[in-house]
Amino acid sequence: MLPSPAAIEEVEIPTREVVLGLVGLYNRASWPMPAVGAVAAFAALAFVLIRPGIFSDMVAKIVLDLLWLWTGIIFFIWRLAPEFHVAYLFAAAFALQGTYFFVDILFGGLEFRPYKNGSTLIAALILLFTAAVVHPVLASALGRGWPKLTLVGTGPGPTAAATLALLMFTLHKPKPSFFLIPAAWALGAGIAVAQGWHFYEELVPAGVALVVLLWLAATAWRPKGPAKAETVEGATL
């Protein structure tokens with residue numbers, strides 16, 4: 001005798017548990033890439049901090065390109081898309097962001113200059129620590145420890161948040177288009193997942209994104225006092 005629809009519904013695994021299971025499978029199957037991705041993200045940060053310049057810009061953009069492409073292709077398409085077809089759309093967004101960085105390596109001028117502004121440097125480092133360390137610690141405290149963690153470099157939320165924090169080093173010559181996809185993911189997915197599935201650690205990337213966007217807006221609207229003064233002085237001379 002076949003079970004009734006009601007009985008089937010009673011034993012159906014909740015979506016949040018399916019997602020956690022897929023994340024666990026992803027981390028175990030792709031190990032040691034979660035560790036490699038995190039190390040690569042910190043290596044890009046180290047290059048930018050120790051020796052800022054054209055070479056470090058290229059290293060940071062190559063690393064970010066690879067991490068975004070990895071997350072889009074391996075996390076979303078390989079692991080999530082067979083169960084959730086909407087993951088193909090998410091994969092396209094992550095691949096597009098990775099392509100932005102790749103194109104900028106060849107034709108762009110995105111510059112990571114952490115020491116142009118002391119307050120921005122401190123804020124960016126705090127936000128990077130929050131995305132890379134506070135997020136997994138909070139997830140573990142909430143009962144979602146390894147292998148059900150999403151880590152910076154190979155997990156979408158922490159990667160998006162860490163990317164935004166790194167992009168704060170470019171605010172002396174900002175390119176707002178680079179902020180759009182990471183901010184949209186960190187804010188939109190972070191709030192939606194926290195509200196719908198009670199993964200409250202995803203509010204951490206959302207918070208990082210909000211701070212970065214406010215900082216970007218403040219930078220864009222900041223009066224250009226010194227530049228104006230130079231213009232006036234030049235006209236007087």
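Select helix 8 and the largest pocket together, because helix 8 gives the lining of that pocket its largest share, eight residues, where helices (H or I, at least four residues) are DSSP runs numbered from the N terminus. The model is a predicted one, in which local features need pLDDT of at least 70 and side-chain atom pairs count only at pLDDT 80 or more, while totals for chains, interfaces and linings use all residues. Residues are numbered from 1 along each chain as its sequence is written, and side-chain values use heavy atoms, with hydrogens and water left out.

**The largest pocket**

About 530 Å³ of space lies in this pocket. A pocket here is an open set of points on a 1 Å grid over the protein atoms alone, with protein on both sides within 12 Å along at least five of seven lines, and its lining residues have an atom within 4 Å of a point. Grid points are joined across faces, edges and corners, and the volume is the space filled by probe spheres set on the points. Next, pick out Val 19, Leu 80, Trp 185, Val 193 and Trp 197, which are the closest to the centre of the pocket of the 30 residues that line it. Two or more lining residues come from each of helix 2 (15–30), helix 4, helix 5, helix 6, helix 7 and helix 8. Coloured by class, the lining divides into 21 nonpolar, five polar and four charged residues, where Ala, Val, Leu, Ile, Met, Phe, Trp, Tyr, Cys and Pro count as nonpolar, Asp, Glu, Lys and Arg as charged, and the others, Gly among them, as polar.

**Helix 5 against helix 8**

Keep helix 8 selected and add helix 5 (residues 87–107), which packs with helix 8 at an angle of about 155 degrees, their axes 10 Å apart. The axes are lines fitted to C-alpha atoms, for helices over the stretch in contact, and angles run from 0 to 180 degrees between N-to-C directions. Helix 5 and helix 8 are therefore roughly antiparallel to each other, since angles under 35 degrees count as roughly parallel, over 145 as roughly antiparallel, 65 to 115 as roughly perpendicular and the rest as oblique. The crossing of these two helices is left-handed, a term used if the near helix is turned anticlockwise from the far one by less than a right angle. To see the contact (heavy atoms within 4.5 Å), show Phe 90, Ala 93, Phe 94, Leu 96, Gln 97, Tyr 100, Phe 101 and Asp 104 in helix 5, which meet Ser 177, Phe 178, Ile 181, Pro 182 and Trp 185 in helix 8. By class, this contact has 10 nonpolar, two polar and one charged residues.

**Helix 8 against helix 9**

Now exchange helix 5 for helix 9 (residues 203–221), which packs with helix 8 (residues 177–197) at an angle of about 140 degrees, with the axes 8 Å apart. That angle makes helix 8 oblique to helix 9, and their crossing is left-handed. Among the residues in contact are Ala 183, Leu 187 and Ile 191 of helix 8 and Ala 206, Leu 210 and Leu 213 of helix 9. The contact holds 14 nonpolar residues, one polar and no charged. Between these helices, stop at His 198 in the loop that joins the pair. His 198 has a positive phi of about 65 degrees although it is not a glycine.

**Helix 7 and the largest cavity**

With helix 9 still shown, add helix 7, noting that the axes of helix 7 and helix 9 come within 9 Å and cross at roughly 20 degrees. This makes helix 7 roughly parallel to helix 9. Gly 157, Pro 158, Ala 161, Leu 164 and Ala 165 of helix 7 make the contact with Pro 205, Val 208, Ala 209 and Val 212 of helix 9.

Helix 7 also gives the largest share, four residues, of the lining of the largest cavity, a cavity being a set of points where a 1.4 Å probe fits but cannot get out. This cavity holds about 110 Å³ of space. Select Ala 41, Leu 128, Val 152, Ala 162 and Leu 166, the closest to its centre of the 13 residues that line the cavity. The lining has 10 nonpolar, three polar and no charged residues.

**Two cis bonds**

Finish in the loops, starting with Pro 32 between helix 2 and helix 3. The peptide bond from Trp 31 to Pro 32 is cis, with omega near 15 degrees. Then go to Pro 147, in the loop between helix 6 and helix 7, where the peptide bond from Trp 146 to Pro 147 is cis, with omega near 10 degrees.
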